[in-house]
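User: Please take me through this model by asking what makes each label apply, and set each value against its definition.

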Amino acid sequence: MLKRWSAAVVGGVLLLGALGACGGEKSGDAGSGASGGAKKDKIVMGFAQVGAESGWRTANTKSIQDAAAAAGIELKFSDAQQKQENQIKAIRSYIAQKVDVIAFSPVVESGWDTVLKEAKDAKIPVILTDRAVDSKDTTLYKTFLGSDFVVEGKKAGDWLVKEYQGKTDPVNIVELQGTTGSAPANDRKSGFADAIKASPNLKIIASQTGDFTRAKGKEVMEAFLKANPKIDVLYAHNDDMALGAIEAIEAAGKKPGTDIKIISVDAVKDGMTALAAGKINHIVECSPLLGPQLMDLAKKVVNGESVQPRILTEETEFTPEQAKAALPDRKY
Ligand code: AHR
C-alpha cells in the first residue's frame, strides 16, 4: 500500500493542534477556487461523512457542523452509512448543485479516481479529511487533513512491547480491525505489526474486522473467546470495538484489563472512562475535532490561496492515571 503521507517521508508537513491555523505551500490544481477574483463571502460546502459508526464519528460530525456555523459556511451534509456508493452519490449530487468546495472522509481508500476527476472537471476543489485515498494522482484533491494512522498503530505496539519487556513467555494477541479497506484499519494494523515484529513472543493469533462498531466488536470478541482458550491481549482499532469486547469478556467471566489486557485507539469519553476504571490498559489518541481547521482550509482553497498538501493533527496517548486527570475536561 502506498503510504505517501507517512510523517517520516512527507516534506513540508505542517503539524498543528486541532484548533490551529494552516497555510503555506503552493496547492495542487484540483478545482480552480476563486484565484485572481474577489473573495467569496458566502461559501457552500458539501460534506460526505462516513456514517455514525462510533463515538469518534459523532464528535467529528458535531465539530464540522459547529465549525461551519461559526465560520458562516453553508453546510450540505450527508451520512453514507459506511457505504462507498452512498458517498460517491453524495459527491455527485454536490457537483450537480455546484457547491463551492467538497470535503469528505473516504470510507475506504480505493476507488475514488472517477468521481474526484468529475469534481476536478467541474472546477470544484476537494479536501480530504480524517481518512486518505490511495489515488496516485494527488492533483485530484487540494489537501488531506487528519491523523497519521500508521503512527497510531505503532504507538499501540510500542506500548505492548514495553509492557512485556524482559518476558519471553508467549503472549497471545487478538486484533479487532476497523472497517475493511479503510485507511485507519490498514494503517493501524501495519503500524502495530511493525512495532511488535522484533518480539517473537508477541503473537497475533486472530484478527478480524469489527467495522468500528460496538455491536460488531462484541460479536467478534465472543467468537475469539470461544475459539481461543488463552487470550492475553486485545488490540482494538477503536474504543467502540474495545467497549463491545469488554461486554463479551465480562460475559465470559473474565476481567477486562486484568485477565485480558486491552489497548485501543481514539480516547473518546466512554473509552477514557473504561481506561480510568482499569478495564482498558492504554489508549492512543485520535482527535475528531477537525472542524475549525477544515473551515479555515475551505475558505483558503475557495479563494484560490495556497495550502499545505498534508496537515497532521497533534495527538497523545493515555494511561489510566492520565485518563482520570483528563476526563473532567474531555469534550467528546
Ligand atoms: O477514521 C477515524 C476512525 O473512524 C476512528 O478511529 C473510528 O472510531 C472511526 O469510526
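**Helix H7, core and ligand shell**

Analyst: Helix H7 (residues 239-251) has 13 residues, which at 1.5 Å a residue should span 18 Å, and its end C-alpha atoms are 18 Å apart, so the two agree; the expected span is 1.5 Å times one less than the number of residues. Helices (H or I, at least four residues) and strands (E, at least two) are DSSP runs numbered from the N terminus. This is a predicted model, in which local features need pLDDT of at least 70 and side-chain atom pairs count only at pLDDT 80 or more, while totals for chains, interfaces and linings use all residues. Residues are numbered from 1 along each chain as its sequence is written.

User: What makes H7 mostly covered?

Analyst: A residue is buried if 20 or more other C-beta atoms, placed from the backbone, lie within 10 Å of its own, exposed if 12 or fewer, and partly exposed in between; 10 of the 13 residues of H7 are buried, among them Asp239, Met241 and Ile249.

User: How do you know that the largest nonpolar core lies between domain 1 and domain 2?

Analyst: Such a core is a set of buried Ala, Val, Leu, Ile, Met, Phe, Trp, Tyr and Cys residues joined through C-beta atoms within 7 Å. The largest has 48 residues, with its largest share, six residues, from helix H9 (residues 291-302). Domain 1 (7-147 + 288-314) and domain 2 (149-286) both give residues to this core, so it lies between them; the bounds come from an automatic or database domain assignment.

User: Why is the shell around the ligand also placed between domains?

Analyst: Domain 1 and domain 2 both give residues to the shell, so it lies between them.
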